[in-house]
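Please brief me on the helices, the loop residues and the buried polar side chains of this chain. Keep it short and grouped by topic.

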Amino acid sequence: MAGGDSVPNVHSSLDSSNKTLLKSEALYQYVLDTTVLPHEPECMRELRLLTDKHEKGFMVSPPDEAQILRMLLKLTGAKDTIEVGVYTGYSLLATALALPDDGKVIAIDVDREYYEVGRPFIEKAGVAHKVDFREGPALEHLDALLADEANHGRFDFAFVDADKPNYPKYHEQLLKLVRVGGTIVYDNTLWGGTVALPADTPMSPLDRRFSVAIRDLNAKLSADERVEVCQLTVADGITICRRLV
């Protein structure tokens, strides 16, 4: 049965209202109702609820994760940022709202159609001038940025929520683009809890491939002396890296 198509993907029944590894739904709802949703900007709420109805709505970041991103951006005083993986732009909108008026986020995704779902909300929020959307493979766009030495160490912050097997390659590129003391955040670093399951646990082919990739990433990040690492059990797992050298 292992690896069989009959096993549903671990994220198939999720949307922004239940994307958490907390075992108590009541506790998670308490957190959302008490400290998250009352502070979610209306434009973000509207985009999140619209994205929940999308056929791939399980891909959206939950509101508590977006809140953490906004807080990190403000705490670090980030101004120039990169986002790898945009989808409909919920986390992108969170970033743009948190940046100063002269801040900029280079947002990279292979699918402009998804981004166009969220673009009206970004415009309505008055932060479109902060967003530089670039369509295409992120590895190529990041290489293009690296080709200009002026971009080395230029960025304060990066958020990665894209194709999991390429996370280690993104890490190497972003370590050159993000300044010393800057922050790189990786999403889905616990992959529905599958990273802690026995190797012979029945999983869908996608979950097995991504779970292996994420376990490999987590081991590499933990051993990487170029960064200080903190892994959070929020949402589907978030890993925060601070560049040391």
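The points below cover helices, one helix crossing, two buried polar residues and backbone angles.

This is a predicted model. Helix α8 spans residues 205–223, and its buried residues pack against a helix and three strands, namely α7, β5, β6 and β7. Helices α1 and α3 cross at roughly 45°. Ser91 and Gln173 are both buried, at 6% and 8% relative accessibility.

**Helix α8**

- Helix α8 has 19 residues. From first C-alpha to last it reaches 28 Å, close to the 27 Å expected at 1.5 Å a residue.
- The buried residues of α8 are Asp207, Phe210, Ser211, Ala213, Ile214, Leu217, Asn218 and Leu221.
- Their packing partners are α7 (167–177), β5 (178–187), β6 (227–232) and β7 (238–243).

**Helix α3 and its crossing with α1**

- Helix α3 has 14 residues. Its reach from first C-alpha to last is 20 Å, close to the expected 20 Å.
- Buried in α3 are Pro63, Asp64, Glu65, Ala66, Leu69, Arg70, Leu72 and Leu73.
- The axes of α1 (residues 25–36) and α3 (residues 63–76) come within 10 Å and cross at roughly 45°. The angle therefore makes α1 oblique to α3.
- The crossing of α1 and α3 is left-handed. On the α1 side, Tyr28, Leu32, Thr35 and Val36 make the contact. On the α3 side, Pro63, Asp64 and Gln67 make it.
- Just after α3, Gly77 takes a positive phi of about 65°.

**Ser91 in α4**

- Ser91 sits in helix α4, which covers residues 90–98.
- Is Ser91 buried or exposed? Ser91 counts as buried because its relative accessibility is 6%, and the cut-off for buried is under 20%.
- The Ser91 side chain makes a polar contact with the side chain of Glu83, at 2.7 Å.
- Leaving out residues up to four places away in sequence, Ser91 touches Ser61, Leu69, Glu83 and Phe159. One of these, Leu69, is among the buried residues of α3.

**Gln173 in α7**

- Gln173 belongs to helix α7. Gln173 is buried, with a relative accessible area of 8%.
- Which backbone oxygen does the side chain of Gln173 reach? The side chain reaches that of Leu139, at 3.0 Å.
- Beyond residues up to four places away in sequence, Gln173 touches Leu139, Leu142, Asp143 and Leu146.
- Gln173 and Leu146 are 27 residues apart along the chain. Their C-alpha atoms are separated by 7.6 Å.

**Positive phi outside glycine**

- Most residues other than glycine have a negative phi.
- Tyr87 is not a glycine, yet has a positive phi of about 55°. Tyr87 lies in the loop between β1 (80–84) and α4. With 7% relative accessibility, Tyr87 counts as buried.
- Ala235 is not a glycine either, and has a positive phi of about 55°. Where does Ala235 lie? Ala235 is in the loop between β6 and β7. Ala235 is buried, with a relative accessible area of 1%.
- The strands that flank the Ala235 loop, β6 and β7, are among the elements that the buried residues of α8 pack against.

Conventions: Residues numbered from 1 in each chain as written. Predicted model: local features only at pLDDT ≥ 70, side-chain atom pairs only at ≥ 80, totals over all residues. Heavy atoms only, no water. Helix = DSSP H or I, 4+ residues; strand = E, 2+ residues; numbered from the N terminus. Buried < 20%, exposed > 50% of the residue type's maximum accessible area, 1.4 Å probe, protein only. Polar contact = N/O pair within 3.5 Å; in protein donor to acceptor, adjacent residues only side chain to side chain. Contact = heavy atoms within 4.5 Å. Expected span 1.5 Å × (residues − 1). Axes fitted to C-alpha atoms, helices over the stretch in contact; angles between N-to-C directions. Parallel < 35°, antiparallel > 145°, perpendicular 65-115°, else oblique. Left-handed = near helix turned anticlockwise from the far one by under 90°.
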